[in-house]
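Student: I'm new to this one, so could you zoom in on a single part and then show me what surrounds it? Please explain any terms as you go.

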Amino acid sequence: MNTRTAIITGANAGLGLECARALLAEDPSWHLVLAVRDVGRGADAVAALGRPDRCTVAELDLASLQSVRAFAENLRAAALPPLHAIVCNAGLQVVSGTEYTAEGVEMTFGVNHLGHFALVQALLDDLARPARIVVVSSGTHDPAKVTGMPSPNYTTAEQLAHPGESEAPDGRRRYTTSKLCNVLFAYELDRRLGSGADGVTVNTFDPGLMPGTGLARDYSSAGRWMWRYLFPVLRVLPNVNSTRNSGARLARLVRDPALDAVTAAYFEGKRAIPSSQDSYDREKALDLWATSEQLLMQASRDR
């Protein structure tokens, strides 16, 4: 019997789909909201999961704060079990130039961080305690790790949201910086919720390198070919995973009773490990939070 609802963003493919598959298989109490930009693809995902009775597809475009607000309103109006979990999973990487959200925010920052920030803020009061929030980050946020990606460059959140026209686009660095923002956000959210005292735990997750996912869709044709056919060979290496394995590990952070009291942790697969040095920088976290709130207020005024 469905007694709890979990929202998974970007659940129509890749890590989000496999997280949904694992939750459905391992715990019959969950009803899943597949929060997706394309509801047609979301419907295909539900068909692939084979449990339409336990899944709801809902439109959510994280590149539009208006869409985030509409999603939250529609969720409240739906006859679903109480909301007990939010999985902030969806993400993108733009390497072919600079793109912007509906509100004029740089796309990578806007989708990977700001859209999820807005979603969580909109639904905090709707969470039935005890509840869990899981934010998907990446090992690429940590320059101490050898990932093949450029190190994050957190200047100010305002500059990340509105890069200057003279700034040369560096999509891969924007991606790693957005993944640092994910951890900064999660830790600051946990602090503001009393480190679990409010009944909500907040953790972050590094799924590892998952070759073959849609993250490389903006790469060159040669890059996409290598990502799809060559990189899967690397799964013999540490923290290189299939989406199926990483999805099950992400689902564990939502459902495992052993993690009831665990909060402000950074998981690499199954292990809680330290995140990057910068991820513990409270000044950066406060800057990110304040700017994110300002961007949400500005968008609300401009409606």
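Tutor: Two strands pair if DSSP finds at least two bridges between them, and the strands themselves (E, at least two residues), like the helices (H or I, at least four), are DSSP runs numbered from the N terminus. What you're looking at is a predicted model, in which local features need pLDDT of at least 70 and side-chain atom pairs count only at pLDDT 80 or more, while totals for chains, interfaces and linings use all residues. Residues are numbered from 1 along each chain as its sequence is written, and side-chain values use heavy atoms, with hydrogens and water left out.

Let's zoom in on strand β6, and on T204, which sits in that strand at residues 200-206. On one side, β6 runs parallel to strand β5 (residues 127-136), and 6 bridges join the two. One of the partnerships there is R132 with T201 of β6. β6 also runs parallel to strand β7 (residues 266-268), this time with 3 bridges. Here T204 comes in: its bridge partner in β7 is Y266.

How enclosed is the strand? Buried means under 20% relative accessible area, exposed over 50%, and partly exposed is in between (1.4 Å probe, protein chains only). 7 of the 7 residues of β6 are buried, so the rest of the structure largely encloses this strand. In a regular strand the side chains alternate between the two faces of the sheet. Both faces of β6 are covered: one has V200, V202, T204 and D206, the other has T201, N203 and F205, and all of these are buried.

Now for T204 itself. Its relative accessibility is 1%, which means that T204 counts as buried. Contact here means heavy atoms within 4.5 Å. If you skip the neighbours within four places in sequence, T204 is in contact with V135, N182, V183, A186, Y187, L253, A265, Y266 and F267. A265 is a nice one to pick out in the 3D view: the C-alpha atoms of T204 and A265 are separated by 6.3 Å, although the two residues are 61 apart along the chain.

Follow V183 and Y187 from that list and you get to S279, because S279 touches H141, L180, V183, L184 and Y187, again not counting residues up to four places away in sequence, and V183 and Y187 are also contacts of T204. S279 is found in the loop between β8 (271-272) and α9 (282-301). With a relative accessible area of 2%, S279 is buried too. Its side chain reaches the backbone oxygen of S276 at 2.6 Å.

Helix α9 also carries W289, which brings us to some aromatic rings. Rings of Phe, Tyr and Trp (its six-membered ring) pair if their centres lie within 6.5 Å; planes under 30 degrees apart count as stacked, over 60 as edge-to-face and the rest as tilted. That rule gives 4 aromatic pairs. In one of them, F117 and W289 meet edge-to-face, 5.0 Å centre to centre with 80 degrees between the planes. F117 belongs to helix α4 and W289 to helix α9, so this pair links parts of the chain 172 residues apart. Both F117 and W289 are buried. W289 also pairs with F185, in a tilted arrangement of 6.0 Å centre to centre and 35 degrees between the planes. F185 lies in helix α6 (residues 171-192) and W289 in helix α9, so this pair ties together parts that are 104 residues apart in sequence. F117, F185 and W289 form one aromatic cluster.

Stepping back, you can look for nonpolar cores: sets of buried Ala, Val, Leu, Ile, Met, Phe, Trp, Tyr and Cys residues joined through side-chain atoms within 4.5 Å. The largest has 52 residues, and those with the most contacts inside it are F71, F109, L123, I133 and L189. Helix α4 (residues 107-123) gives the most to this core, 9 residues. Apart from it lies another core, of 30 residues, with A20, A85, L250 and V254 among them.

One last thing to check is the cysteines. C19 has 0% relative accessibility and counts as buried, and C181 is buried as well, with a relative accessible area of 0%. A disulfide is a pair of cysteine sulfur atoms within 2.5 Å, and by this rule the count comes to 0 disulfides.

Methods:
A polar contact is a pair of N or O atoms within 3.5 Å; within protein, one must be able to donate a hydrogen and the other to accept it, and residues adjacent in sequence count only if both atoms are side-chain atoms.
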